[in-house]
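Subject: Handover of a structure and the findings from it

Dear colleague,

Please find below the structure that I am handing over to you. I would be grateful if you could read the notes that follow it alongside the sequence.

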Amino acid sequence: MNKGDLIDKIAEKAGLKKADAAAALDATLESIKDALKDGDKVTLVGFCTLNTSYRAARKGVNPSTNKPVQIPEKVTVKFKAGKLLSDSVNTSALKKALKPKK
């Protein structure tokens with residue numbers, strides 16, 4: 001599912017015009033981004049928790065050349081699925097579809 005598909009689903013489920021659904025989604029995503037930029041944690045109960053985490057600079061290895069590279073410090077976003085989201089995807093049909101074939 002891409003952003004356009006998501007907008008279509010939001011419009012259908014909420015009874016909105018696609019333009020209104022797109023505006024609502026954009027405002028939601030922008031608000032989440034602003035909160036994370038301010039260092040706040042975003043919790044959507046049952047769905048997910050998003051927060052920022054500092055990752056220090058470190059040494060790594062380029063897998064193509066096996067040469068050492070310096071990986072710079074950065075701030076990353078951590079996503080933790082909520083119980084309702086986890087439970088909703090933990091179905092036997094999905095387990096069967098995703099289970100590695102032997």
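The notes below set out what was found, beginning with the overall fold and moving on to individual residues.

Please bear in mind throughout that this is a predicted model.

Overall architecture

The protein chain contains 4 helices and 5 strands. Read from the N terminus, its elements follow the order α-α-β-β-β-β-β-α-α. The radius of gyration is 19 Å, well over the 13 Å that the globule rule gives for 102 residues, so the chain is more spread out than a compact globule. Along the principal axes, the C-alpha atoms fill a box of roughly 55 × 45 × 25 Å. Of the 102 residues, 15% are buried.

Salt bridges

Side chains of opposite charge can pair when their charged atoms come close. In the whole structure, 4 salt bridges were found, and three of them are described here.

The side chains of Asp26 and Lys3 form a salt bridge, with an N to O distance of 2.6 Å. Because Asp26 lies in helix 2 (residues 18-37) and Lys3 in helix 1 (residues 3-14), this pair ties together parts that are 23 residues apart in sequence. Both partners are partly exposed: Asp26 has a relative accessibility of 35%, and Lys3 has one of 44%.

Asp8 and Lys18 also meet through their side chains in a salt bridge, at 3.2 Å from N to O. Here too the pair links distant parts of the chain, with Asp8 in helix 1 and Lys18 in helix 2, 10 residues apart. Asp8 is partly exposed at 32% relative accessibility. Lys18, by contrast, has a relative accessible area of 51% and therefore counts as exposed, the limit being over 50%.

A further salt bridge joins Lys83 to Asp87, whose closest N and O atoms are 2.8 Å apart. Both residues belong to helix 3 (residues 83-89), and their spacing of 4 residues is about one turn of the helix. Lys83 is exposed, with 61% relative accessibility, while Asp87 is partly exposed at 43%.

Surface patches

Which residues form the positive surface patch? Arg55, Arg58, Lys74 and Lys78 make up this patch. Lys74 is located in strand 5 (residues 74-81) and is partly exposed, its relative accessibility being 47%.

A nonpolar patch of about 290 Å² is also present on the surface, made by Leu44, Phe47 and Phe79. Within this patch, Phe47 sits in the loop between strand 1 (42-44) and strand 2 (48-55). The relative accessible area of Phe47 is 43%, so this residue counts as partly exposed.

Loop residues

Three further loop positions may be of interest when you inspect the model.

Lys41 is placed in the loop between helix 2 and strand 1. This lysine is exposed, with a relative accessible area of 56%. Lys41 and Lys83 are 42 residues apart along the chain, and their C-alpha atoms are separated by 17 Å.

Is Gly82, in the loop between strand 5 and helix 3, buried or exposed? Gly82 is buried: its relative accessibility is 15%, and the term applies because that value is under 20%. From C-alpha to C-alpha, Gly82 is 22 Å from Lys3, and the two are 79 residues apart in sequence.

Asn66 is found in the loop between strand 3 (58-61) and strand 4 (68-71). Most residues other than glycine have a negative phi. Asn66, although not a glycine, has a positive phi of about 60 degrees. At 62% relative accessibility, Asn66 is exposed.

In summary

The chain is more spread out than a compact globule. Two of the salt bridges described above, Asp26 with Lys3 and Asp8 with Lys18, link helix 1 with helix 2, whereas the bridge between Lys83 and Asp87 lies within helix 3. The surface carries a positive patch that includes Lys74 and a nonpolar patch that includes Phe47.

With kind regards

Notes. Residues numbered from 1 in each chain as written. Predicted model: local features only at pLDDT ≥ 70, side-chain atom pairs only at ≥ 80, totals over all residues. Heavy atoms only, no water. Patch = residues over 30% accessible without salt bridge, like charges linked within 9 Å, V, L, I, M, F, W, Y side chains within 5 Å. Areas by Shrake-Rupley, 256 points an atom, 1.4 Å probe, with all protein chains shown as cover. Lys, Arg positive; Asp, Glu negative; His and termini not counted. Charge placed at Lys NZ, Arg CZ, Asp CG, Glu CD. Buried < 20%, exposed > 50% of the residue type's maximum accessible area, 1.4 Å probe, protein only. Rg over C-alpha atoms; globule rule 2.2 N^0.38 Å.
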